[in-house]
Amino acid sequence: MLLEMKNIDKAFNGVPVLKKVQLQVEKGEVHALLGENGAGKSTLMNVLTGVYTKDGGTVEFDGKTLEHITIRGSEELGIAFVHQELNLFNDMTVWENIFLGKEIVGPLGRCNKKEMIRMAGELFSRLDVRIDPTEKVENLKTSEKQLLEISKALFFQAKLLILDEPTTALNNDEIDHLFQIIRNLKKEGTSFIFISHKMPEIFAISDRYTVFRNGEYIASGKIADITAEEVTRLMVGSTSSFRDIYEARDTGEVVLSLKNYSGPGFEDINLDVHRGQIVGLTGLQGAGSSELMQCIFGITHATGGTVTVNGEIIPYHSTHRAMRAGVAMLASNRKENSVIPDMSLLENMYLAEHTLSASKFHIHQGREKEKFEKYRQTLNIKAQDSSDSILSLSGGNQQKVFLARWLNTNADVLLLDNPTQGIDVGAKAEIYKLILQLAKEGKTILINTLEIPEIQKIADYCAVFYEGKIVKTLQHREINEQTVMLYSTNAANA
Ligand SMILES: Nc1ncnc2c1ncn2[C@@H]1O[C@H](COP(=O)(O)OP(=O)(O)OP(=O)(O)O)[C@@H](O)[C@H]1O
Ligand SMILES: [Mg+2]
């Protein structure tokens, strides 16, 4: 046994978050740590790596009992932690980020920059990662940043590597690549703790699992002995069947209309979306659906065609004008695009609405709190107090706050880019119900996702993208995984 954590207790401000939990990881295995949002997964990893001090329990690692764990101490023992949130310094270079605090010093006490660049390059070629060590981190794509984080952790020959939702910013090829790296290191005896909400991934890479629920240990065992449905049941605590929540609805006039719309990553898009309609967009990463949303919202610059909302043409490249026309957008990649770390939950929630109404100087805390309470209930946000820092929430609960941020703007058109990223199975179902409810109330909704079951549950129709174009629209009853894959890989035309 490489790691043995027993009876671990941890409370924040008197509220217990971990209650006598246990976790055992063997040498050379990938161990999936599973549980709903707020179950305590990240907290336990923070205890193991010295970010938080435990209130009770014992930790044994590699035959030694660890008494007072510090961040540096756990690193020295060979525990590397790739956090759920990216931890890179954007204004520094790639190699500086890797060697921060562990600089290689020459005989005269000066940093040996050349050597560090060389070693970083060697690391990347060993892992087959294509990143220039001298590049500034701010110039990297999100997926490259994620790969850099992982490479950085691998640099110091860790015995145990903790990956907390490592694939959220990676496309399928990059995920395969990461899994290949994991399999190779496993052969050398490295162990992994793998945290994810995506079942196919969990089953593809893990050997064993441990499930937590509400800060308690529930079960552990071999992945080969359990099904995805059984795991879900252990996580949620009861069987809940969320099939068939879809209901056909009457839809109204055209609210959002795209005519021959082109921009970076997509071309000649024609789409009419009616009041009360839910339209799914999908395709492989980079096929254009996410790019289209960003352009409608004014983040990137259109090159041709028009976007009309309620009969009014939105000018190019103005997020503010898009918002004023009644468009809201939940961006993908929460870590990079949504979290404002210095602000409380409440402030993170009302930000968009106040930017819009330009009333930031007259914030009625009481009224905002009431609204927050409403969202807390409907979205089941696990938080203690609305004045807490956004960073005190689990990843999935942060995502719910950002969903609330945009629901709170009363926008007519909701653009949801990968809205259930990092959200557990139970909460996903809540969010689907909410989206259907919003459509019933007359919102016009576009949802972009790579998860086909998601579209299958809620979309009235779905547009499949391939190389920047819509290659197929499928009506609700025609949507299924095979058909969507057929068009998104262009196999239908091969
Ligand atoms: N620094 C903190 N201060 C107060 N509460 C915290 C802090 N960190 C975590 N919590 C609380 O502890 C609970 C467990 O959070 P944790 O981040 O461990 O969940 P998780 O299992 O990783 O969930 P997710 O899948 O959403 O990331 C949550 O209710 C969270 O709000
Ligand atoms: Mg977490």
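This briefing walks through the domains, the ligand surroundings and some of the helix and strand packing in this structure. Please keep in mind that the model is predicted. A good place to start is the domain assignment, which splits the chain into domain 1 (3-236) and domain 2 (254-493). Both domains contribute to the shell around ligand 1, with at least three residues drawn from each.

**How the two domains meet**

- The C-alpha centres of domain 1 and domain 2 are 30 Å apart.
- Where the domains touch, 17 residues of domain 1 are in contact with 17 residues of domain 2.
- On the domain 1 side, helix α8 (residues 228-236) provides the largest share, three residues.
- That side of domain 1 is made up of five nonpolar, nine polar and three charged residues.

**Around ligand 1**

- Ligand 1 is surrounded by 19 residues, and the closest are Asn37, Ser42, Thr43, Ser394 and Gly396.
- Two elements give two or more residues to this shell: α1 (41-48) and α14 (395-407).
- Sorted by class, the shell around ligand 1 holds twelve polar, five nonpolar and two charged residues.

**A pair of helices: α4 and α5**

- Helix α4 (residues 113-127) packs with helix α5 (residues 142-155) at an angle of about 105°, and their axes are 10 Å apart.
- Because of that angle, α4 is roughly perpendicular to α5.
- In this contact, Leu123, Phe124 and Leu127 from α4 meet Ser151, Leu154 and Phe155 from α5.
- The contact of α4 with α5 has five nonpolar residues and one polar residue, with no charged residues.

**A six-stranded sheet and its helix**

- An open sheet is formed by six strands, and following the order gives β16-β17-β18-β13-β19-β20.
- The pairing in this sheet is mixed.
- At the edges are β16 (327-330) and β20 (469-475), each of which pairs on one side only.
- On average, neighbouring strands of the sheet are turned by 20° against each other, with direction ignored.
- Strand β19 (residues 461-466) pairs with β20 in the antiparallel sense, over six bridges.
- To find this pairing in the model, look for Tyr461, which stands opposite Gln475 in β20.
- Helix α17 (residues 481-488) lies across three strands, β13 (278-283), β19 and β20.
- Relative to β19, helix α17 runs at about 35°.

Technical notes:
Residues are numbered from 1 along each chain as its sequence is written. Chains are lettered from A and ligands numbered from 1 in the order in which they are written. This is a predicted model: local features need pLDDT of at least 70, side-chain atom pairs count only at pLDDT 80 or more; totals for chains, interfaces and linings use all residues. Domain bounds come from an automatic or database domain assignment. Two residues are in contact if their C-beta atoms, placed from the backbone, lie within 7 Å. Helices (H or I, at least four residues) and strands (E, at least two) are DSSP runs, numbered from the N terminus. Ala, Val, Leu, Ile, Met, Phe, Trp, Tyr, Cys and Pro count as nonpolar, Asp, Glu, Lys and Arg as charged, and the others, Gly among them, as polar. A residue is near a molecule or strand if its C-beta atom, placed from the backbone, lies within 6 Å of it. Axes are lines fitted to C-alpha atoms, for helices over the stretch in contact, and angles run from 0 to 180 degrees between N-to-C directions. Angles under 35 degrees count as roughly parallel, over 145 as roughly antiparallel, 65 to 115 as roughly perpendicular and the rest as oblique. Two strands pair if DSSP finds at least two bridges between them.
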